[in-house]
Amino acid sequence: MTVTTRFAPSPTGRLHVGNIRTALHNALFARKQGGTFVLRIDDTDAERSTAEFDQAIRDDLDWLGLAPDLVVRQSGRFDLYEREFERLRVAGRVYACYETPEELELRRKVLLGRGLPPVYERQDLTSPALEGRQPHWRFRLDHGAPIEWRDLVRGPQRFDPHLLSDPVVRREDGSWLYLLPSVIDDIDLGVTHVVRGEDHVSNSAVQLQMFAALGANPPALAHEALLVAAEGKLSKRLGSLGVEELRASGLEPMALLSLLARLGTSQPVEAIVELDELAADLDFARFGRAPAHFDLHDVELLNARLLHRLEFADVAERLPDGATEPSWLLLRGNLERLSDFAAWFTVIAGEFEPPELGDDERRLVAKAAEIAPTLDWSAGPWQALAETLKTSTGLKGKALFHPLRLALTGRESGPEMAGLLLAMGQDRAVARLTTAANR
RNA sequence: GGCCCCAUCGUCUAGCGGUCUAGGACGUCGCCCUUUCACGGCGAAAACACGGGUUCGAUCCCCGUUGGGGUCACCA
């Protein structure tokens, strides 16, 4: 069986962390199985859907490295929905309803007030009072037997159809609601696995009956626990971290994906460079069923780790002009964002303002400025410089190295001075020591 | 309110009645490396929500309490 997964966002906003995780797991699973990852733009809601968000979603997926194998749009498939809807109508699985939203809302409140589940109650279709109203349409749930399936992450599931409302599938004006078109598309596209958040479990129960009503085998279902944040819930409808902030913050997509792929699973979270590695050990059975806490700080930590592991070839075209492999290897261990490289590169290949030093530090640096021109740079100047200074000043350890580091790099911390000195060259080093000593 | 999930170190989790003096990962702390710091390496501290059962014996099974999450739309 060829695996097909799908990610089905509506173009009513940008992607966010929760969305991205769903997209990732679908993409990863398809990749692992050598299957197809479909992006289905769920744009049946013409009011809220926009071409801009449609485009942004595809751009964001590309940026993440999760470009789909196929893109389809629900707005282009209405003929298909019409045909299938007609089949269901003729078969009596879809029926006309005439209540107004206000009436339904009132009824819900009454039921809730009585401590009853607010389930839709089927009406007497022959009621004359309904004459002349334009109907909307509901799918008739089969109350005959419990709805059951074996969920890939939640295990055996069982729903009593009496506790579910017949879902509205089509509005008075003929427009579609998501539930039915989604099933029709999953059948038509040969989707074999539906991976989504646990906020969809009861939808799945209903949709399972739709698959049956349409004479199709249902896909395998995997409902993952949602993510929560310290500030609250990160679900798709409430305020959450959007992909635009993520992109703007200069984080590597793989840092985000490394966390999202494994957070809430028993797999250790680590900075992974290749999507294939993430795909290889994706296992729904290893997913926890409790909501996991998402913390952006973890992404930042992973981002640094990831950078420290990246090879020159991985980042070469994103580095400033003149950056070389040795400079990358020297500096990468001190980067938190890739953009940090530029400033560090200036330290070894450009110019910067040395900071002002205290009197003691300035004296030491002045001495260093005298010694530096006399050193044989090719012999590894750092040790010679340190040794000479040590004997002439009696200083050692931090008192000796800290001022030099500050004068030469402008930073409190960084790569080993031996490598930095060599990389920046004698002229640059002498000039910096001299200016720092005279400021 | 009904229904459904969940409850182990700060966080994500392993554990499927004795093997648990409860394992791993991230974070934290310490040590080493660096004649400094960062990177890196090594090590340590750190948890079974509570109350009842069942059992010779409960982290593990049952019930309840408490606490989290989800859902019950003419949104997806």
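Let's start with the second largest pocket in this predicted model. Fifteen residues, written as 15 in my notes, line this pocket, and Glu252, Pro253, Met254, Val273 and Arg318 lie nearest its centre. Its volume comes out at about 300 Å³. Which elements give two or more residues to that lining? They are helix H2 (51–64), helix H8 (253–262) and helix H11 (312–315). If you are wondering about chemistry, the lining residues divide into nine nonpolar, one polar and five charged.

Now over to Arg77. You'll find this residue in the loop between strand S3 (70–73) and helix H3 (78–90). Is Arg77 buried or exposed? Arg77 counts as buried, because its relative accessibility is 15%, and the cut-off for buried is under 20%. And what does its side chain do? The side chain of Arg77 makes a polar contact with the side chain of Asp185, at 2.5 Å. Leaving aside residues up to four places away in sequence, Arg77 touches Asp185, Asp188 and Leu189.

Last stop, the nonpolar interior. The largest nonpolar core has 88 residues, and Leu61, Leu257, Phe294, Trp328 and Leu433 are those with the most contacts inside it. Helix H1 (residues 17–32) gives the most to this core, with eight residues. Let me zoom in on Leu433: again leaving aside residues up to four places away in sequence, Leu433 touches Val365, Ala368, Ala369, Ala372, Leu404, Ala407 and Leu408. Apart from the largest core lies another core, of 30 residues, including Leu179, Val194, Val201 and Phe211. As a general point, nonpolar side chains tend to be buried together in soluble globular proteins.

Methods:
Residues numbered from 1 in each chain as written. Chains lettered and ligands numbered in written order. Predicted model: local features only at pLDDT ≥ 70, side-chain atom pairs only at ≥ 80, totals over all residues. Heavy atoms only, no water. 1 Å grid on protein atoms, 1.4 Å probe; cavity = no way out; pocket = protein on both sides within 12 Å on 5 of 7 lines; lining within 4 Å. Points joined across faces, edges and corners; volume = space filled by probe spheres on them. Helix = DSSP H or I, 4+ residues; strand = E, 2+ residues; numbered from the N terminus. Nonpolar A, V, L, I, M, F, W, Y, C, P; charged D, E, K, R; others polar. Buried < 20%, exposed > 50% of the residue type's maximum accessible area, 1.4 Å probe, protein only. Polar contact = N/O pair within 3.5 Å; in protein donor to acceptor, adjacent residues only side chain to side chain. Contact = heavy atoms within 4.5 Å. Core = buried A, V, L, I, M, F, W, Y, C linked by side-chain atoms within 4.5 Å.
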